[in-house]
Amino acid sequence: MAEEGQVIGVHTAENWKKHTEKGNTSTKLIVVDLTATWCDPCRLMSPIFEEYAKEFLNVTFLKVDVDELQTVTQEFEIKAMPTFLFLKQGVQVDKG
């Protein structure tokens, strides 16, 4: 995965699969920011999400644009943005 302390932008289904499969075999929490370029609240949350990535080095932070990866949006039944998914060892442990 990318360096610690950074948010990883996921722009393809292949990239999503790569990061989630690595998470399946790791004990690290994965936090996913489901966002959209046209979403004002998403833009406001973005710098906070980036600060969390710098602070919580034992967590993997992913950012997914719902318009780019609609398969992820459908898989997790995303109805509003921003939405945050919390995944651990391949299982969704929370969503908000």
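This is a short tour of a predicted model, to be followed step by step in the viewer.

**The sheet**

Begin by showing the strands, which form an open sheet of five with the order E1-E3-E2-E4-E5 and with mixed pairing. At its edges you will find strand E1, residues 7-10, and strand E5, residues 91-95, each of which pairs on one side only. If you follow the sheet across, the twist from one strand to the next averages 30 degrees.

Strands of a sheet pair through backbone hydrogen bonds, and the pairing can be parallel or antiparallel. Select E1 together with E3 to see the parallel sense, held over four bridges; within this pair, isoleucine 8 has leucine 62 of E3 as its bridge partner. Then select strand E2, residues 29-35, with strand E4, residues 83-88, where the pairing is antiparallel and runs over six bridges. Here isoleucine 30 stands opposite leucine 87 in E4.

**The helices on the sheet**

Next, add helix H1, residues 13-24, which packs on the sheet and touches E1, E2, E4 and strand E3 (59-65), while its direction makes about 135 degrees with that of E1. Helix H2, residues 40-55, lies across E1, E2, E3 and E4 and runs at about 160 degrees to E3.

With both helices in view, return to E1 and colour its side chains. In a regular strand, side chains alternate between the two faces of the sheet. In E1, Ile8 and Val10 belong to the covered face, whereas Val7 and Gly9 belong to the uncovered one.

**Valine 59**

Which residues should you look for around valine 59, once its neighbours within four places in sequence are left aside? Valine 59, found in strand E3, is in contact with Lys28, Leu29 and Val31. Its relative accessibility is 15%, so valine 59 counts as buried. For a sense of scale, select glutamate 77 as well, which is 18 residues away along the chain and whose C-alpha atom is separated from that of valine 59 by 23 Å.

**Charged pairs**

The model has four salt bridges, and three of them can be visited here.

- Select lysine 63 and aspartate 33, whose closest N and O atoms are 4.0 Å apart. This pair links distant parts of the chain, with lysine 63 in strand E3 and aspartate 33 in strand E2, 30 residues apart. Are these two charged residues buried or exposed? Both lysine 63 and aspartate 33 are buried.
- Move to helix H1 and select glutamate 21 with lysine 17, a salt bridge in which the closest N and O atoms are 4.0 Å apart. Because they are four residues apart in helix H1, about one helical turn separates glutamate 21 from lysine 17. Glutamate 21 has 41% relative accessibility and therefore counts as partly exposed.
- In helix H2, select aspartate 40 and arginine 43, whose closest N and O atoms are 2.1 Å apart. They too are separated by about one helical turn, because aspartate 40 and arginine 43 are three residues apart in the helix. Aspartate 40, at 47% relative accessibility, counts as partly exposed, and so does arginine 43, at 45%.

**A nonpolar patch**

Finally, switch to a surface view and select Ile48, Tyr52 and Phe56, which make a nonpolar surface patch of about 270 Å². Tyrosine 52 lies in helix H2, and because its relative accessibility is 41%, tyrosine 52 counts as partly exposed.

Technical notes. Residues numbered from 1 in each chain as written. Predicted model: local features only at pLDDT ≥ 70, side-chain atom pairs only at ≥ 80, totals over all residues. Heavy atoms only, no water. Patch = residues over 30% accessible without salt bridge, like charges linked within 9 Å, V, L, I, M, F, W, Y side chains within 5 Å. Areas by Shrake-Rupley, 256 points an atom, 1.4 Å probe, with all protein chains shown as cover. Salt bridge = Lys/Arg side-chain N within 4 Å of Asp/Glu carboxyl O. Helix = DSSP H or I, 4+ residues; strand = E, 2+ residues; numbered from the N terminus. Buried < 20%, exposed > 50% of the residue type's maximum accessible area, 1.4 Å probe, protein only. Pairing = 2+ DSSP bridges. Axes fitted to C-alpha atoms, helices over the stretch in contact; angles between N-to-C directions. Contact = heavy atoms within 4.5 Å.
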